[in-house]
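Got your viewer open and a coffee to hand? Load the model below and we'll walk through it stop by stop.

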Number of protein chains: 2
Amino acid sequence: MFRKNSVMFAGFLVLGVSAVSVSSFVSADNGEVDLLARAQSVFKPLPKTAETSERPVTQARVELGRALFFETRVSTDGKQSCAQCHQPMFYGTDALAESVGNQGKRIPRNVPSVLNTALQFAQHYGGNRVDVEEQAVKALPSGLAYGNADLASAEQKLRAIPGYRAMFEKAFPGQSEPVTAENWGLAIGAYERTLLTPAPFDNYLKGNSSAISRKAKRGLDKFMSYGCSGCHSGVVLGGQMFQKFGITQNYWELTGSTEKELLKGRDKGRFHDTKDETDAFMFKVQQLRNVAVTPPYFHDGSVETLPEAVRIMAKLQLGRDLSDADVSDIVAFLDTLTGEMPEHFVNAPVLPIAPFIN
Amino acid sequence: MFRKNSVMFAGFLVLGVSAVSVSSFVSADNGEVDLLARAQSVFKPLPKTAETSERPVTQARVELGRALFFETRVSTDGKQSCAQCHQPMFYGTDALAESVGNQGKRIPRNVPSVLNTALQFAQHYGGNRVDVEEQAVKALPSGLAYGNADLASAEQKLRAIPGYRAMFEKAFPGQSEPVTAENWGLAIGAYERTLLTPAPFDNYLKGNSSAISRKAKRGLDKFMSYGCSGCHSGVVLGGQMFQKFGITQNYWELTGSTEKELLKGRDKGRFHDTKDETDAFMFKVQQLRNVAVTPPYFHDGSVETLPEAVRIMAKLQLGRDLSDADVSDIVAFLDTLTGEMPEHFVNAPVLPIAPFIN
């Protein structure tokens, strides 16, 4: 209840007076303390890993999963891997509006970052993967991704790389045949559950008030006051629910629409998975960690810059016209979500050699 | 002259007696000293960089070149980069028999490692690139690689990533427009000139006799005695001349030939560049650094394992049938050429963000 009240309270402040008042509000010592308390009630700092009791993060699984994450030889064209779309150079994305997969096939949605993604309630824009483990397994027989006819043929490729057997055995002890697609998913999942990026905002949430700038604090205040945090809350600022994209008007009226998009038909989000009209234009609320360094934006990559994306979201979802100062402050806040990438993501592993298997 | 004599001398020894004698020969102290001296006359340890007076390796160029090496947004499908084929996970190769490029197009030759390649006398199997700089520039308008219509459109993409301007200015000071395809080549070249991998064999060549095993020394002795080092000599054990692939018989009779290969026609090596029949089946002698960890082998990736490649080369080029012990010893020697990859190759750089440009 506090959270809702606080949003309303701050909203009143902003609407009733000017943006400058917000600034003076948070610059007062009491305001600083209050802002932190409000933020702590809405957001949470990153845990050390995204481990759960069913999805343990063991060293052996992470080491195997790291190798498999970068492994290209399990794909039919020999070029696809998790890392192929989730590149360290671009904070776990590929910096494309829409991606390119097996044999140069166009993937019709923007690649979300793999960083921190394990902390979301589901994977993919439509949420049609319950967790990162399922996502990794189902990519194997996907024509756009690894391109295998079925899981068995993916397993055959994995087993043709002799160096993996010992790694699978260590990660999944006691199994008569540990080199399986299921364990591929569990290992990659374990690895991805360690791909978290602690950011200045985490230090702030832990009580270090000077971890983010005054401008970022103004942005944080506005982010909560204006209602952005109604959906973009929690540990990754999103990724906990579905929402209709385009509440006040059709999303494509603001994000722009290309001829290509018109040609292939509107992306109706979750509807494509459920075929239920009530799911039309419902998308998983995107997490916002590293959002400043992972353009372009939205499921179709239709918007190139973060200020524009912020402006559009406020209008589309909250019916609010942000001022330039608002946008600038909120972007400064979002900048504090840019974290440090783990070394075992930025460093490529050396993979076991094998006879040519494709 | 010494080199030729030494090969003949050792050749006599081996032919005149048995392979066991070679082993006892090099295990004697005098033999050890002699072997090292012979090796030092044929091979050279890696320099610190492959810098030349015309191709200076400055920190600013290497930093820029490293970013550009991993940069995908200058390709028309947004997925191609130098690193795309020359991956750290596979010691600067892509572990495919033949590679896959822009839009999934098949590249008809095996990707050679980028590691130490700057020390070769020319680039590509046919030697149709004078150096790594020219290779990097000419990849930009190649339909199989970056796919740009011309250099100007590649430059346009580069200039659309604002973060690069300052890096180019620093690397190429005083130029009115430093963001050019030519400087792309010079920067990537400078970076590649630092991608050298010091190996146990370098320590051996520097006089540390215990840096490689006795078995490897036997292999080294045979490698020189049997004549392999006639072509595979110098600092990268090759890469200094062209040779006909298949001197004693057609190469495909031993490497195997696939239906696919028959369909597309024989690869006649340098002939495809010069259209001169005397160049038919002439290929650049491949360097051998990291050969043990970069299967599959030969220009078409037709041979899967190193022992098989060694056996075939001895037969095809020298008319010699190697014993299993010979192959095993020579492979043990080749293992000592597996070096340490530089950190600035294994670690992916974070690239400057930009609006979507493809």
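## Stop one: a pocket

Select α6(A) to begin: with five residues, α6(A) gives the most to the lining of the second largest pocket. (Helices are DSSP runs of H or I with at least four residues, strands are runs of E with at least two, and both are numbered from the N terminus.) What you have loaded is a predicted model, where local features need pLDDT of at least 70, side-chain atom pairs count only at pLDDT 80 or more, and totals for chains, interfaces and linings use all residues. Residues are numbered from 1 along each chain as its sequence is written, chains are lettered from A and ligands numbered from 1 in the order in which they are written, and side-chain values use heavy atoms, with hydrogens and water left out.

Now add α5 (82–85) and α14 (271–274) of chain A, since along with α6 (132–139) each supplies at least two residues of that pocket's lining. A pocket here is an open set of points on a 1 Å grid over the protein atoms alone, with protein on both sides within 12 Å along at least five of seven lines; a cavity is a set where a 1.4 Å probe fits but cannot get out, and lining residues have an atom within 4 Å of a point.

How much space lies in the second largest pocket? About 930 Å³, where a volume is the space filled by probe spheres set on the points, and grid points are joined across faces, edges and corners. To centre your view, pick Ile107(A), Pro112(A), His124(A), Gln135(A) and Ala145(A), which lie nearest the pocket's centre among its 38 lining residues. Coloured by class, the lining shows 14 nonpolar, 16 polar and eight charged residues. For the classes, Ala, Val, Leu, Ile, Met, Phe, Trp, Tyr, Cys and Pro count as nonpolar, Asp, Glu, Lys and Arg as charged, and the others, Gly among them, as polar.

## Stop two: a salt bridge on α6

Stay on α6 of chain A and show Glu133(A) with Arg193(A): they form a salt bridge, the closest N and O atoms being 2.8 Å apart. Arg193(A) sits in the loop between α9 (181–192) and α10 (200–205), 60 residues from Glu133(A), and the pair links distant parts of the chain. A salt bridge means a side-chain nitrogen of Lys or Arg within 4 Å of a carboxyl oxygen of Asp or Glu. The whole structure has 40 of these salt bridges over all chains.

## Stop three: where the chains meet

Bring up chain B. The contact (heavy atoms within 4.5 Å) takes 39 residues from each of chain A and chain B. About 3300 Å² is buried between them, with 62% of that from carbon and sulfur atoms; buried area is the accessible area (1.4 Å probe) that two parts lose on being put together, summed over both.

How many salt bridges are counted between chain B and chain A? Two. Select Lys79(B) and Asp94(A) to see a salt bridge at 3.2 Å, N to O. On the side of chain B that touches chain A, you'll find 24 nonpolar, nine polar and six charged residues.

## Stop four: enclosed space

The structure holds seven cavities of 30 Å³ or more, and the largest cavity has a volume of about 260 Å³. Pick Ala83(A), Gln87(A), Met89(A), Gln87(B) and Met89(B), the nearest to its centre of 20 lining residues. That lining has twelve nonpolar, eight polar and no charged residues.

The second largest cavity holds about 100 Å³. Its lining, by contrast, has two nonpolar, nine polar and four charged residues.

## Last stop: a loop with a cis bond

Select Pro295(A) and Pro296(A): a cis peptide bond joins them, with omega about -5°. Pro296(A) is in the loop between β2 (282–284) and α15 (306–318) of chain A. Phe298(A), found in the loop between β2 and α15 of chain A, has a positive phi of about 80° although it is not a glycine.
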